[in-house]
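Trainee: Please take a close look with me at one salt bridge and the chain contact around it. I'd like to know what I can say about that part at the bench.

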Amino acid sequence: MNTRGQRILLWTAPPAVALFALAYLVFPVFSPPLSPTLTPDQVAAFFRGNVTGILGVAILGNLIACSLVPLFAVTAVQISRAATSSTVLTYAYVICVGIGTTAFILADYCWGMAAFRPERDPQLTSLLNDMAWFFFIAPVGTIMVQNLCFALSVYLDERPDPIFPRWVAHFNVATVVLLAPSAFSILYKTGPLAWNGPLSFTLRLTTFAVYIAVMFWALLRAVRYQGDDRVVLA
Amino acid sequence: MSGSVAEVPKAPAPSAEHATSWRKNRKLDQWIAFWSVPFFFNLFGLVFVPLSWMMPPRSPSSSTPHIVDFMHSHNLLIACVILTLAYGLAPVSNACYLMQVKRMSVSPAFRYSMMIGAITGAIVGMLFPMFCFGLGAFRPGYNSGVLTMLYDFGYLAFIGSLGCFCVMWMAFGLAIILDENGILPKWLGYYTIWQYVTELMAAPVWIVKTGPFAWNGLMTFWFAMTLYVSWQIIVYVCIYRAIKNQPEAELDNASPELRPEAVELRSGTSA
Amino acid sequence: MTALIRNPLTIVWALLAAVTIVSSLIALDGGAAHQINTTVTTAVLLIAAVKAYMVIWHFMEVRRAPIWLKATTGGWVLGLFTLLLSFYYASL
Amino acid sequence: MTNVAEGVTPGVDNSRPDDSRRGHVPGDSSMWFFVIGDLVIFGVYFVGYMYFRGQNHELFLQSQARLNLDIGAINTVMLLTSSLFVALGTEAARAGNRVAALQRFWIALAFGAAFPLLKMFEWIPEICSGLTPGTNLFFMYYYVMTGMHLCHVALGLVIMCFILRNLRTSKAPKISFVETGATYWHMVDVLWLVLFALLYLMR
């Protein structure tokens, strides 16, 4: 089976990552991240003052929201290659990717919506902002399960020549642990677990960035060694 | 087709497995996925009922102070955190259904429909309503208008999210009924159709605020819930048996001497 | 054609249709006032029970079915209409 | 989808019932599981209706006065006639008389298809005059129960088309499939008989 298609899809990831990095760096909401303790009026004032920047990044984010999906799709193909008894892990992985991406899009919508009509009632602007942060930071459940599925497929792989080195699986388990604190951003408005805190914000985004880089490398290697190996299609 | 499945040798009795280690179980991936499901549903039930009292649903016609009080309860936030951490297990439970549908003699279109239904359903029926409740409790400063909107949005999205689950259960039920490999019992297919029809019956929650058809009503909630919970339990027992009875030769990691038959079987089933 | 008319199923159908018209007439006549009327309700519900069981018995061919099926379907008709009538009378 | 109608082994009709045997279950026995379960589910709705009617007789009686009893009665006769021809068609199919069976199932389909049509003539004027599910509890029950029943009718019509196709095209029409579809259609009829009494007739 030819792996050219997989390689093409994989190489769409670097430009996507570059665009995400650009969006991150120019997003006014992130530099520094808005504090959860702001009152509705302060939030509304912030959105009124940064309409162009927020709208610009919301539009960009909307356009590139799904651009990492090819990377995940190639991962799914490689999971289904592992010699386990079924493709149950592939299915769980694919569904998780769909849900996680949708959550990101909803976050993007909420920020865009808040900036679209900044003269809106401050209560509503603040609600949209809160909702955006909830959807952006908190829903780590699917990416955790997604990485666990991947790790499990590596651990349970019965091939004599494993598709991925074992440490990639260990790394995926580690990301699960590192991403978990973000879920607690719902509980706190200050401190390291608040949505702008080092554990929920910085750690989460750094972990994710490193994770994408490592997976990109691991997938390139796996696809290169795949050769003519048959893929069990889900 | 159905004949060739029946002739495939049965898996060795499970008692032989514990003599070696559980690690040697050929279906370990399926079992891990399967056993995460009861864990998830128990957690789901605990969080919704005794922890946050989101369920059974509060009345759509309760007074504004009551709603505001409820939306401010701190336990909603804790429930939200637990569910955000655990909601990724819902896809695993759906993957368990998909695995069995994949073994059936029906077109892949059935499992793809279910997959898409599962993706949309998890967002509109779980994550979004959860966050509606969480947001109210997160910032006590919201005025009562915003809080009642979140309350309505939360309950209506949770109970009134119909289409995605309908298409999912319709595909599941039809696949069971049309299947000729006998993976899951036929009556389960019909049971699934009732479950899907009662899902349709939740439509009136968008119209009335009191009585048996409101979102906490006898017909739309309690009756549908009874049918749903019993269905869910029965489905899992059936899935358990289906995984257990799957012949070794049919597994993707079957040993090479059993393999040719398995390949033939597969190409026959995924037309 | 005559064979069709003499078919027992056709006779059952004729009975069912006639009874439907009779029960509609009862509702139009005795129930025209749209007030609680126990006679009309009892008559109409009993007719419905008999009709339902006739369809089950003759059309669904339960009359030739094993005893458990006869018992289940019969039990459904009996149980349902007993419940309906008792709920009705209890609420008066 | 075609596999529903066609026998797995062509030429051999192993599902043909043995009429001499006592206690023959017509059709697929898992369909009976469905039929009985469906009857019970509708039963719960019927009893629920009666209970809530008991809470407010006045409202239900006043609302009932606004229904179209004529169309209801005509629809009952339509379904009964359709059921009759399904039963006659099943009999003919069992006797091996394919032409008669086809003819009767076509008539049954025509009468069955008249039901949703008449239902529209009933519903549309009612909705236009402001009687919607939101009007009151009676109309909620009315639309929900007749709507759910209508879904069953629609499914029954689809099944009937498959029976016709089975009778027309397959070499050895599968009697058990004909019986299964017929059983389902009669159940739809039974449910309507109860609905008609509860919604239109009782006082």
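**Where chain B meets chain A**

Mentor: Start with Arg139(B), which forms a salt bridge (a Lys or Arg side-chain nitrogen within 4 Å of an Asp or Glu carboxyl oxygen) with Asp130(A); their closest N and O atoms are 2.6 Å apart. Keep in mind that this is a predicted model, where local features need pLDDT of at least 70, side-chain atom pairs count only at pLDDT 80 or more, and totals for chains, interfaces and linings use all residues. Residues are numbered from 1 along each chain as written, chains are lettered from A and ligands numbered from 1 in written order, and side-chain values use heavy atoms, leaving out hydrogens and water.

The pair you're looking at is one of two salt bridges counted between chain B and chain A. Around them, 51 residues of chain B and 50 residues of chain A take part in the contact (heavy atoms within 4.5 Å). Together the two chains bury about 4,500 Å² (accessible area lost on being put together, 1.4 Å probe, summed over both), and 73% of that is on carbon and sulfur atoms. Arg139(B) turns up again here: along with Asp29(B) and Phe138(B), Arg139(B) is among the chain B residues that lose the most area to chain A, the three together making up 15% of what that side buries.

How far can you trust the partner chain? Chain A has a mean pLDDT (the predictor's confidence in each residue, from 0 to 100) of 91, with 97% of its residues at 70 or more. Taken by element, confidence in chain A bottoms out in helix α1 (residues 4–10), at a mean of 90, and peaks in helix α9 (residues 166–179), at 95. Helices here are DSSP runs of H or I with at least four residues, numbered from the N terminus.

While you have chain B on screen, look at the second largest pocket, with about 1,200 Å³ of space. Its lining runs to 42 residues, and nearest its centre are Phe41(B), Phe44(B), Met225(B), Tyr228(B) and Gln232(B). Helices of chain B giving two or more lining residues include α2 (28–51), α6 (108–138) and α10 (218–245). The biggest giver is α10(B), with eleven residues. A pocket is an open set of points on a 1 Å grid over the protein atoms alone, where a 1.4 Å probe fits, with protein on both sides within 12 Å along at least five of seven lines; lining residues have an atom within 4 Å of a point. Its volume is the space filled by probe spheres set on points joined across faces, edges and corners.
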